[in-house]
Amino acid sequence: MAKKLVIVESPAKAKTIVKYLGKDFDVKASMGHIRDLPKKNIGVDVEKNFQPHYVTDPRKKAVIQQLKNSAAKADEIYLASDHDREGEAIAWHLTHVLKKEIKDKPVHRIVFHEITKSALQEAVNNPREIDMKLVEAQQARRILDRLVGFELSPLLWRKIKPALSAGRVQSVAVRLIVEREKEIKAFEAKSWYRVQAWFTLEDDGQSYELKAESPVKFATEAEARALLEECIGTTFTISNIAKKPGYKNPSPPFTTSTLQQEASRRIGFSVSRTMRIAQKLYEAGHITYMRTDSVHLSKLALNMAKDVITERFGENYIKTRQYATKSKGAQEAHEAIRPTDMHNKVVSSDITEQRLYDLIWKRTLASQMKPATLERTTVVIDSTQRPAMLTAKGEVIVFDGFLKIYADRKGAAISDTLLPPIAVGDILNLQKMEADERFTQPPARYTEASLVKKLEELGIGRPSTYAPTISTIQKRDYVEKKDKDGIQRKFTLLRLEENHVRHHEKTETVGAEKSKLFPTDIGGLVNDFLTKYFDDVLDYNFTALVEKEFDDIADGNMEWHQMLKEFYTPFHKKIEDTQQEAKKFKGEKLLGNDPVTGKPVFVKIGRFGPMVQLGATKEDEKPRFASLPPNKTMEDCTLEDVVDLFKLPRTLGQFEGHDVIVSSGRFGPYIKCNKSNYSLQKTDDPFTIELDTAIKRIREKREADKQKVIAVFEDGDIQLLNGLYGPYMVVKGENYRLPKGTDPTTLDLAACKKIAAETKPSNKRWRKKK
């Protein structure tokens with residue numbers, strides 16, 4: 001029987017740890033937090049100095065009982081949750097939930113940054129007490145975010161629409177995205193002209209090509225044309241060749257944010273996916289703890305990196321460095337993210353895990369290698385009329401240094417830009433010269449990775465909050481990640497060739513984007529409301545200051561109750577004032593008057609989201625409503641985009657004695673026939689679809705429904721169906737899950753009624769049967 005109990009967060013972590021600790025230890029998992037603020041009420045007594053009322057998670061009942069049984073049998077308890085504020089809070093909550101079972105027993109807090117035998121032995125041999133300063137910092141964050149969410153969300157319900165929610169950090173992240181979108185919409189592209197030339201020269205009977213560019217940007221087509229015309233019949237000569245050494249240094253080892261950014265850029269992982277895979281690698285013992293803002297490497301890691309670099313590349317590539325953490329508000333006392341054993345280049349048969357591990361392995365070793373040495377050459381070309389008219393540049397790698405480790409990565413290393421054999425005084429033969437119209441670029445929309453970078457720069461959030469923040473704002477439909485097709489744009493090309501300047505009109509595709517973050521109409525409206533009435537709460541510097549105060553609490557330099565009081569008192573007053581003063585906030589926008597009825601047409605936010613309204617609310621005749629087309633936003637919607645929506649419903653004809661009608665609903669256009677609804681396909685135009693096509697859609701839906709039906713009882717009141725997640729039962733419109741292992745084909749009417757009597761409906765709130 002084990003005498004020492006070790007409690008960690010996850011089963012995967014427990015499985016790895018138990019291999020190293022031996023038979024005297026029993027390792028159990030708490031499955032994350034086992035105690036938290038209640039979900040249905042605020043759970044904080046503001047009048048009693050912000051006293052939290054924690055409750056155990058009802059879903060963890062079996063886990064808690066298992067932990068209690070194990071703790072009762074153990075002689076000694078080790079709390080081994082992660083080494084950060086959340087982990088410290090988990091350990092503290094465990095001592096409260098297991099209070100009876102651990103009474104009069106030694107309880108130790110142990111921490112480690114990697115799951116290796118040596119790290120675990122070091123932790124067990126050097127236990128400590130729970131750090132209450134870290135617990136208080138986590139508690140302050142949890143309570144403050146609960147207060148903000150529970151007081152702001154009901155205000156949004158009343159002033160905008162039901163079911164909205166707001167969070168302190170999430171709302172700031174949405175603000176960044178909304179403001180960037182406004183910058184893009186307000187941006188006006190300005191054109192300019194780039195001049196490039198292509199030359200040939202002869203050397204020992206060999207012909208070489210040389211490309212050069214003017215260092216001057218030309219504002220107008222006339223200026224660019226004048227330069228090209230000036231070059232007709234001109235002689236071009238090399239007047240100077242300058243060579244300078246250059247260096248490219250490796251990047252520091254990964255922090256949480258830089259890993260998320262690089263995984264997005266290199267292998268296309270979302271922020272949340274990167275963290276899920278990194279968690280698996282950590283729990284399997286392959287990498288150090290993955291939530292960190294430190295770039296520090298331990299002495300053990302530095303020595304290991306030195307050995308591996310020597311083995312693989314030679315001593316000439318070694319340059320040991322210790323990087324300093326520069327991120328604003330860095331809090332974690334961890335190492336950078338690195339492999340636990342750098343001798344292992346391959347650690348997983350899972351391709352996604354191995355790809356992320358490969359990034360970490362290379363980045364860590366590269367950080368301890370010499371810089372790449374370059375030779376950069378600049379060639380100055382004079383014309384007869386103008387000195388230093390053009391320049392050509394070349395770059396050669398003299399010593400590859402850390403780039404050696406990236407040699408197998410396509411496009412990762414610097415490639416040589418070779419220049420032909422040239423000398424000062426050489427005369428060049430002009431083949432052609434072009435002036436092409438270029439345009440200034442709008443600010444780039446955020447990707448998940450670039451948003452993380454911006455939040456870190458502003459000091460908003462911490463390593464543990466980036467991924468949840470970005471996931472939350474997308475789940476709440478304030479932001480959507482999507483692709484955007486490019487548009488065709490015309491540009492002018494002037495070409496000097498054979499002593500003539502010719503004008504060409506060309507087209508190019510611009511503005512295409514992939515996996516960028518766009519604000520939704522709801523997100524934009526919520527942001528406008530919050531910035532109008534709660535500008536200080538959404539202020540970037542204020543949010544960063546709050547994060548700094550959490551750090552001060554963790555360092556013992558601030559009292560957490562006082563910090564909450566200073567925040568909450570003015571915040572709560574502003575909530576009360578806004579409830580009284582603010583009017584309904586619908587973001588209503590007048591598009592114009594309907595050409596048929598003459599009535600005003602608006603776009604606004606309704607109960608189910610963005611919609612179009614025909615007619616004023618105060619008129620005697622009730623207004624008509626339609627959902628906004630899915631490819632349109634309130635911001636860019638025009639009258640021409642929406643007037644056709646009110647041509648629905650359209651009656652196409654009859655099928656089986658019932659009208660076939662194309663109508664528009666909450667989720668867009670659909671077909672209606674005999675009290676049943678049928679979906680249109682993406683290629684169907686609701687304004688031109690004909691009766692035959694609509695009947696085809698009805699029959700397709702009926703055929704699909706037949707595949708779902710297993711059995712029907714009592715004239716359809718009870719149905720057994722195949723669903724997306726397996727068989728289920730419908731009784732008078734309410735869905736019921738079938739007991740695990742039940743074969744639906746064996747059920748009769750009596751068995752179905754018994755299941756309905758003993759099981760809660762899964763699609764409605766349970767009401768106790770009388």
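**Entry 1. A buried pair**

I looked up Glu 508 and Arg 438 and found that both are buried. Buried means under 20% relative accessible area, exposed means over 50%, and partly exposed lies in between, with a 1.4 Å probe and protein chains only. The areas come from the Shrake-Rupley method with that 1.4 Å probe, and for residues only the protein chains shown count as cover. The side chains of Glu 508 and Arg 438 meet in a salt bridge, at 3.3 Å from N to O. This pair links distant parts of the chain, since Glu 508 is in strand β17 and Arg 438 is in strand β14 (residues 427-439), 70 residues apart. I noted the cut-off: a salt bridge needs a side-chain nitrogen of Lys or Arg within 4 Å of a carboxyl oxygen of Asp or Glu. Side chains of opposite charge can pair when their charged atoms come close.

**Entry 2. What I am reading**

I am working with a predicted model, in which local features need pLDDT of at least 70 and side-chain atom pairs count only at pLDDT 80 or more, while totals for chains, interfaces and linings use all residues. Residues are numbered from 1 along each chain as its sequence is written, and side-chain values use heavy atoms, with hydrogens and water left out.

I counted nothing by hand; the protein has 19 helices and 30 strands. Helices (H or I, at least four residues) and strands (E, at least two) are DSSP runs, numbered from the N terminus. The C-alpha trace spans about 100 × 80 × 60 Å along its principal axes. Of the 770 residues in the protein, 47% are buried.

**Entry 3. Salt bridges in helix α6**

The structure holds 47 salt bridges, and I looked at two in one helix. Arg 175 forms a salt bridge with Glu 179, and their closest N and O atoms are 2.8 Å apart. Both residues lie in helix α6 (residues 168-186), four residues apart, about one turn of the helix. Which of these two residues counts as buried? Arg 175 does, because its relative accessibility is 16%. Glu 179 is partly exposed, at 27%.

The second pair is Glu 183 and Arg 180, with closest N and O atoms 3.6 Å apart. Both also lie in α6, here three residues apart, about one turn of the helix. Arg 180 counts as buried because its relative accessibility is 18%, whereas Glu 183 is partly exposed at 40%.

I also noted a network of salt bridges that links Glu 9, Lys 13, Asp 82, Asp 84 and Arg 291.

**Entry 4. Strand β1**

Why is strand β1 (residues 4-8) largely enclosed by the rest of the structure? Four of its five residues are buried, so the strand has little left outside that cover. I then looked up its neighbours. Two strands pair if DSSP finds at least two bridges between them. β1 pairs with strand β7 (residues 76-79) in the parallel sense over four bridges, and Leu 5 stands opposite Ile 77 in β7. β1 also runs parallel to strand β2 (residues 25-29), with five bridges joining them. There, Val 8 stands opposite Ala 29.

**Entry 5. Strands β11, β12 and β13**

Strand β11 (residues 236-248) and strand β12 (residues 372-383) pair in the antiparallel sense over twelve bridges. β12 pairs in the antiparallel sense with strand β13 (residues 390-399), over nine bridges. I followed Thr 377 of β12: it is the bridge partner of Lys 243, and it stands opposite Gly 394 in β13. The hairpin of β12 and β13 has six residues between the strands, and Ala 388 takes a positive phi near 50° in it.

**Entry 6. Two more positive phi values**

Asn 499 has a phi near 65°, a positive value in a residue other than glycine. Asn 499 lies in the loop between β16 (487-497) and β17 (500-510). Glu 656 is not a glycine either, and its phi is about 60°. I found Glu 656 in the loop between β23 (650-655) and β24 (658-665). Glu 656 is exposed, because its relative accessible area is 52%.

**Entry 7. A positive patch**

Which residues gather in a patch of positive charge on the surface? They are Arg 273, Arg 276, Lys 280 and Arg 355. Patches are made of residues with over 30% relative accessible area and no salt bridge; like charges are joined within 9 Å, and nonpolar side chains (Val, Leu, Ile, Met, Phe, Trp, Tyr) within 5 Å. Lys and Arg count as positive and Asp and Glu as negative, while His and the chain ends are not counted. The place of a charge is taken as NZ of Lys, CZ of Arg, CG of Asp or CD of Glu. Helix α9 (residues 271-283) gives the largest share of the patch, three residues. Arg 355 lies in helix α11 (residues 351-366) and is partly exposed, with a relative accessible area of 37%.
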